[in-house]
Amino acid sequence: MRAENPWWTGGAVRSDYRDLKPRAYFERFAQLVEETGVRRAVVLMGPRRVGKTVLLHHLIARLIKNETFAPQQVGYVSLDHPLYTRLSIEEAAQEIGQASRNPDGPRLLILDEIQYLADWERHLKSFVDTHPEVRCVVSGSAAAALRLKSVESGAGRFTDFLLPPLTFHEFLDLQDIEGLVVDDPERGYRTNAIDRLNRHFVEYVNFGGYPEAVLSPVVRSNPARYIGADIVDKVLLRDLPSLYGIQDVQELNALFLTLAYNTAREVSLDALSRQSGVSKPTIRRYLEYLEAAFLIKVVHRVDQNARRFKRASSFKVYVTTPALRCALFGPVSEGDDEMGPVAETAVFAQWFHAQDDLSLHYARWGNNEVDIVYAGPGQAPDWCVEVKWSDRAADRPHELKGLMALANRYADIDATVTTRTRTASSDTWPGNQPLDFTPTSLYCYEVGRNLTR
């Protein structure tokens with residue numbers, strides 16, 4: 001414990017954490033932890049390798065620097081260490097008090113990889129109730145247990161915070177790439193360097209979802225090994241089987257590979273069952289597991305009235321960052337056919353942090369389809385987006401039949417088409433509403449930047 005908590009003796013976190021640039025979400029997370037007067041544990045969730053442990057150490061450094069806590073009052077434990085097997089939260093706090101030579105015990109208790117503690121949510125709720133003087137922060141990657149059980153057992157005691165894979169804005173920010181996008185108060189986000197922005201965007205979709213891949217040339221040189229194996233294999237072969245008692249991990253792996261390859265494309269239970277050799281009831285269960293583990297996002301279909309189909313067997317699945325798909329099946333270049341679905345996956349990835357608060361669907365009826373449709377509960381569609389990695393639509397907007405149908409049906413809907421390079425606004429297309437065209441890379445930057453704000 002003294003090795004994991006060097007600030008007890010040196011007053012500071014390790015330099016390899018301290019020297020890393022904080023993610024854009026750090027300020028929001030730190031403010032949530034610093035809130036006083038609310039007796040809640042903060043549960044930090046997210047996929048593997050998105051920087052949760054680094055974020056926790058940045059938090060520790062900030063709270064010690066601001067003298068919110070004395071160094072001996074901050075205790076950190078990573079529960080995936082074999083020494084801590086079967087260690088309860090109460091025991092962890094007691095051991096921290098002894099190791100730090102602080103008889104009062106920790107006032108900030110940070111438990112990393114909480115999913116390795118059996119029945120963690122029940123123990124954490126009890127600890128929060130019986131130790132109001134201790135502020136608790138926990139994190140976890142194998143998120144099914146976290147998200148589902150925190151809702152069931154931690155009502156009123158837990159506050160969830162989702163750390164997503166890197167947004168495109170963060171990808172540029174971590175590398176100190178500036179000057180490509182201007183936030184104009186009157187004209188919105190714009191760029192005068194679309195070719196350079198697109199080159200960085202292609203880098204982002206290939207390996208930009210994870211901070212380590214962005215900052216390490218070694219990881220960039222072999223994403224299949226460092227992203228595919230380290231992230232996907234550990235979740236599929238270790239985390240999910242241990243959480244749910246999955247016996248046939250090859251079955252789960254076959255399904256995930258099928259979904260990842262077909263990211264952004266419509267799939268059906270029947271087709272997935274045929275392609276992967278897995279029964280439909282098992283597929284439904286595996287989809288829940290993979291989504292809860294932050295590997296995929298299932299997006300449901302609506303009709304022209306923005307209503308879900310009661311017996312829909314078709315849906316879209318997106319990997320949560322396009323870098324996952326590219327690590328598994330090889331990188332893409334700007335002119336590849338696969339850039340279409342990969343770019344659409346990147347757009348959805350920007351919205352990943354806000355997914356719980358947004359009702360994002362895709363629409364398809366007859367021969368019409370729209371990639372993203374947003375509508376609040378029981379409301380008409382508010383905005384829609386058609387994602388293209390081509391400038392063709394800017395020259396031939398009359399071909400956008402699905403978007404035109406929605407714009408003519410709903411007078412107040414905002415319609416956007418992403419392009420490869422073109423920025424424009426069209427009042428002359430057959431739809432009733434003006435149509436905005438913006439490059440896909442610029443749209444991704446805008447969404448990611450606004451969400452971190």
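This report covers the cores, sheets, helix packing and selected residues of one predicted model.

Numbering starts at 1 along each chain as its sequence is written, and side-chain values use heavy atoms, with hydrogens and water left out. Local features need pLDDT of at least 70 and side-chain atom pairs pLDDT 80 or more, while totals for chains, interfaces and linings use all residues.

**Terms**

Helices (H or I, at least four residues) and strands (E, at least two) are DSSP runs, numbered from the N terminus. Buried means under 20% relative accessible area, exposed over 50%, and partly exposed in between, with a 1.4 Å probe and protein chains only. Contact means heavy atoms within 4.5 Å.

**Cores**

In soluble globular proteins, nonpolar side chains tend to be buried together. A nonpolar core here is a set of buried Ala, Val, Leu, Ile, Met, Phe, Trp, Tyr and Cys residues joined through side-chain atoms within 4.5 Å. The largest such core holds 132 residues. Phe29, Phe201 and Leu290 have the most contacts inside it. Leaving out residues up to four places away in sequence, Phe201 touches Phe168, Met339, Ala343, Ala346, Trp389, Thr440, Ser441 and Cys444. Another core, of 20 residues, lies apart from the largest one. Val302, Trp365, Tyr410 and Leu435 are among its members.

**Strand E1 and its partners**

Two strands pair if DSSP finds at least two bridges between them. Strand E1 (residues 41-45) has five of its five residues buried, so E1 is largely enclosed by the rest of the structure. Ala41, Val43 and Met45 point one way from E1; Val42 and Leu44 point the other way. E1 runs parallel to strand E5, joined by five bridges. Ala41 has Phe158 of E5 as its bridge partner, and Val42 has Thr159. Four bridges join E1 to strand E4 (residues 135-140), again in parallel. There, Val43 stands opposite Val138. E5 (residues 158-162) has four of its five residues buried, so E5 too is largely enclosed by the rest of the structure.

**The nine-stranded sheet**

Which order do the nine strands of the open sheet follow? The order is E8-E10-E9-E11-E12-E13-E14-E16-E15, with mixed pairing. Strand E8 (266-268) and strand E15 (424-426) stand at the edges, each with a single partner strand, so one side of each is left without a neighbour in the sheet. Neighbouring strands are turned by 35° against each other on average, direction ignored. Strand E9 (residues 296-302) and strand E11 (residues 360-365) pair in the parallel sense over two bridges. Arg301 stands opposite Tyr362 in E11.

Helices lie across this sheet. Axes are lines fitted to C-alpha atoms, for helices over the stretch in contact, and angles run from 0 to 180 degrees between N-to-C directions. Helix H14 (residues 269-276) lies across E8 and strand E10 (314-319), at about 75° to E8. H17 lies across E9, E10, E11, strand E12 (368-374) and strand E13 (383-387), at about 80° to E10.

In helix H19 (residues 401-409), Gly402, Leu403, Met404, Leu406 and Ala407 are buried. Their cover includes E11, E12, E13, strand E14 (414-419) and strand E16 (435-439).

**H9 against H16**

The axes of helix H9 (residues 194-207) and helix H16 (residues 322-329) come within 5 Å and cross at roughly 70°. H9 is therefore roughly perpendicular to H16, a label used for angles of 65 to 115 degrees; under 35 counts as roughly parallel, over 145 as roughly antiparallel and the rest as oblique. Val205, Asn206 and Phe207 of H9 meet Pro322, Ala323 and Cys326 of H16. By class, the contact has five nonpolar, one polar and no charged residues. Nonpolar covers Ala, Val, Leu, Ile, Met, Phe, Trp, Tyr, Cys and Pro; charged covers Asp, Glu, Lys and Arg; the others, Gly among them, are polar.

**Three single residues**

| Residue | Location | Relative accessible area |
|---|---|---|
| His58 | helix H4 (residues 52-65) | 9%, buried |
| Pro281 | helix H15 (residues 280-292) | 53%, exposed |
| Pro331 | loop between H16 and helix H17 (339-350) | 68%, exposed |

Beyond its neighbours within four places in sequence, His58 contacts Tyr17, Arg18, Leu20, Lys21, Pro22 and Phe26. With the same exclusion of residues up to four places away, Pro331 touches Asn206, Cys326 and Asp336. Pro331 and Val202 are 129 residues apart in sequence and 9.2 Å apart in space, C-alpha to C-alpha. Pro281 and Leu269 are twelve residues apart along the chain, with their C-alpha atoms separated by 9.1 Å.
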